[in-house]
Amino acid sequence: MKQKYFLWSFILFFPVVCLSQIVPSNIPSKILNTEILKKEPSTEVSLSNEYKNSQRLLQTGNAYDSVFYKTSDPKNKATLEEESQRFIRIGYEDPEMFHRQIVLGFLPNSPASLDFNMGYDAVMFDPRDDEMFFIIENDLTRKYVIQGVGAYDATYEFPIGIKITQEGTHTIMLDAVENFEDVIYIKDNLLNTSYNLIESHFSPNLSPGEYLDRFSIVFNDITSKSTLGNTDVFADNKVRVYYLNYKIIIDNINNLELSDVAIFNALGQKIIELNKPHLSKQHIIIPFMYQQGLYVVKAESGQNKKTFKIMN
């Protein structure tokens, strides 16, 4: 009987003894019961103490020190710098539908520049026979798949090279942009025109060869700029250019003063150039015995320029 009583006593009172030995180790002093602090020190903690709302104190995290902290700005410096970076992904597809993507990155507050920068520009290690790539520092021995520069500037122009070995449709397109809102153009330096990649793909009619100085990525429509506020003196003076029987003929009906005429092949190479002494006639005949294909005649009159496409 005593053993049973001892056992029941142990079961009933052991939790009380254990609880009396538990002393919280990390209770903020601001919320301690002030009535307990006024009593004489004791080795026992009464389980019958009652806490009242009047004994509690509400404090915000801004006014006093707290165990929990909050940041004043949820976005740190690294996040803000990452959001200010801009990327443009340009795609190229050859007639076999192989897709190449090259990337242009604008990286503010970085050592990257328009020149070659180790760690920001990447060379293309697996170029194909038909390819598109960046040209940096006019180095034609390297083909770059990534070009990283500093902060964005709408006046920048980024030369791209195109290598073509087979006939067919070669297409340049805009794959994607990140944190970029301006319009992106492909500039044809030979024809002095630009093509909006936001609106549509660009599929130039090009013969096989290497086009290393003809195209660039720009952010302004040079076509509208070249005609905005300027009178087309070539149209007003009825200047016509055409091909006939192995000759390129320029009809300058109103004797517009021409300062220069140059003829380019599809690769952008200048093959013929005439200056003032040979351009004073109304009917100018230029012998032309080159292979069949597309050619461009560029005529200049003072500050005015006009390009004409011809097929022989």
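Does T171 count as buried or exposed, and at what relative accessibility? In this predicted model, T171 has a relative accessibility of 10% and therefore counts as buried, the limit for that class being under 20%. The residue belongs to strand β7, which covers residues 171–178. Its surroundings can be listed: apart from residues up to four places away in sequence, T171 touches G91, Y92, E93, H201, F202 and S203. With S203, the side chain of T171 also forms a polar contact, side chain to side chain, at 3.1 Å.

A second serine may be considered alongside this pair. S194 lies in strand β9, residues 193–196, and counts as buried because its relative accessibility is 12%. The side chain of S194 is joined to that of D221 by a polar contact of 2.5 Å. A polar atom of the S194 side chain also lies 3.3 Å from the backbone nitrogen of I222.

From these local details the description turns to the chain as a whole. The protein chain contains five helices and 17 strands. Of its 312 residues, 33% are buried. When contacts between residues at least 6 apart in sequence are considered, 65% of them join residues at least 24 apart. The chain exposes about 20800 Å², of which carbon and sulfur atoms supply 53%.

Confidence should be considered together with these totals. The mean pLDDT of the protein chain is 79, and 70% of the residues reach 70 or more. Over residues 4–39, however, pLDDT stays under 50, and the model has 13 contacts beyond four places in sequence for this segment. Where pLDDT is low, the predicted coordinates should not be read in detail.

The interior is described next. The largest nonpolar core has 32 residues, and I90, I217 and F219 touch the most other members. Strands that each supply at least two residues of this core are β1 (86–93), β2 (99–106), β4 (131–134), β5 (144–149), β6 (158–164) and β10 (209–218). Among the contributors, β6 gives the most, with four residues. The contacts of F219, leaving aside its neighbours within four places in sequence, are with I88, L104, F106, Y152, D153, A154, Y156, F158, F180, V183, I184 and Y185. A second core, separate from this one, comprises 21 residues, including F234, V239, L256 and I263.

Strand β10 merits attention of its own. Seven of its 10 residues are buried, so β10 is largely enclosed by the rest of the structure. Its pairing with β6 is antiparallel and comprises six bridges; within this pair of strands, I164 stands opposite G209 of β10. Strand β8, residues 185–188, also runs antiparallel to β10, and four bridges join the two. Here K187 has S216 of β10 as its bridge partner.

Another antiparallel pair is found later in the sequence numbering, where five bridges join strand β12 (residues 247–252) to β15. In β15, I284 is the residue that I250 stands opposite. Strand β15 itself, residues 283–287, has two faces: I284 and I286 form the covered one, whereas H283, I285 and P287 form the uncovered one. The residue opposite I250 thus belongs to the covered face of β15.

Conventions: Residues numbered from 1 in each chain as written. Predicted model: local features only at pLDDT ≥ 70, side-chain atom pairs only at ≥ 80, totals over all residues. Heavy atoms only, no water. Core = buried A, V, L, I, M, F, W, Y, C linked by side-chain atoms within 4.5 Å. Buried < 20%, exposed > 50% of the residue type's maximum accessible area, 1.4 Å probe, protein only. Contact = heavy atoms within 4.5 Å. Pairing = 2+ DSSP bridges. Areas by Shrake-Rupley, 256 points an atom, 1.4 Å probe, with all protein chains shown as cover. Polar contact = N/O pair within 3.5 Å; in protein donor to acceptor, adjacent residues only side chain to side chain. pLDDT = per-residue confidence, 0-100.
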